[in-house]
Amino acid sequence: MKLVPLGDRVVLKQLEAEETTKSGIVLPGQSKEKPQQAEVVAVGPGGVVDGKEVKMEVKTGDQVIYSKYAGNEVKVGEEEYIIVRQNDILAVVQN
C-alpha cells in the first residue's frame, strides 16, 4: 500500500528519538519526547488550495522540522506516518 497525499499535504516519517543525550545520559522510555524532525516520504501536487495558489517547497527525502501538534498520525502495515499540510512544516534541515 502506498500513501499519495492530495493538495498541499505532505507524508512524513518521524525520525527515531535519541536514547542518550550528547553528554551520555541515558533517557528512560517514558521521558522521551517525540522528535519534531521527520523525513518527507511523499508530497502532494500543490495547486489551488482554498482559493490560493500553493507551490510545494519540500520534496521526497528532505528532512524537516514540523509543528508540534500538527497533522494526523496514520499506520500503514507496520509503519507509522504523519500527514501534515505544507504550512505546518517549519523548516528544512540542511547538512
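In what order do the 6 strands of the open sheet stand? That's where I'd like to start today, with the predicted model you have in front of you. The order is S6-S7-S1-S2-S5-S8, and the pairing is antiparallel. S6 and S8, which covers 89-93, stand at the edges with a single partner strand each, so one side of each is left without a neighbour in the sheet. On average, neighbouring strands of this sheet are turned by 40° against each other, direction ignored.

Let me step back to the whole chain for a moment. The protein chain has 8 strands and 0 helices, so to speak a one-letter story: β-β-β-β-β-β-β-β along the sequence. Of its 95 residues, 26% are buried. And if you take the contacts between residues at least 6 apart in sequence, 63% of them join residues at least 24 apart.

Now let's walk across the sheet, starting at the S6 edge. S6, residues 72-76, is joined to S7 by 5 bridges, and the two run antiparallel. Here valine 74 stands opposite tyrosine 81 in S7. The two strands form a hairpin with 2 residues between them, and in that hairpin glycine 77 takes a positive phi near 65°. Torsion fans, that one is for you!

Next comes S7, residues 79-85, with S1, residues 9-14: an antiparallel pair over 4 bridges. Arginine 9 stands opposite arginine 85 in S7.

On to S1 and S2, which pair in the antiparallel sense over 5 bridges. Lysine 13 has glutamate 39 in S2 as its bridge partner. Lysine 13 has a second role in this picture: it lies over the face of tyrosine 81, at 5.9 Å from the ring centre. That is the tyrosine we just met opposite valine 74. If you were hoping for ring pairs as well, a search of the whole structure finds 0 aromatic pairs.

Then S2, residues 37-43, meets S5, residues 63-66, through 3 bridges, again antiparallel. Two partners to look at here: alanine 38 stands opposite valine 64 in S5, and glutamine 37 has isoleucine 65 as its bridge partner.

A general reminder before we turn to the core: in a regular strand the side chains alternate between the two faces of the sheet.

So, which residues have the most contacts inside the largest nonpolar core? They are Val10, Leu12, Val40, Val58, Val64, Val84 and Ile89, in a core of 14 residues. S1, S2, S5 and S7 each supply at least two residues of this core.

I'd zoom in on valine 40. Leaving aside residues up to four places away in sequence, valine 40 touches Val10, Val11 and Leu12, then Val58, Lys59, Thr60, Gly61 and Asp62, and also Val64. Val10, Leu12, Val58 and Val64 are also on the list of residues with the most contacts inside the core.

To wrap up: an open sheet of 6 strands with antiparallel pairing, a nonpolar core of 14 residues, and a lysine over a tyrosine face. Thanks, everyone!

Terms used:
Residues numbered from 1 in each chain as written. Predicted model: local features only at pLDDT ≥ 70, side-chain atom pairs only at ≥ 80, totals over all residues. Heavy atoms only, no water. Pairing = 2+ DSSP bridges. Axes fitted to C-alpha atoms, helices over the stretch in contact; angles between N-to-C directions. Core = buried A, V, L, I, M, F, W, Y, C linked by side-chain atoms within 4.5 Å. Buried < 20%, exposed > 50% of the residue type's maximum accessible area, 1.4 Å probe, protein only. Contact = heavy atoms within 4.5 Å. Phe/Tyr/Trp six-rings, centres within 6.5 Å; stacked < 30°, edge-to-face > 60°. Lys NZ or Arg CZ within 6 Å of the ring centre and 35° of its normal.
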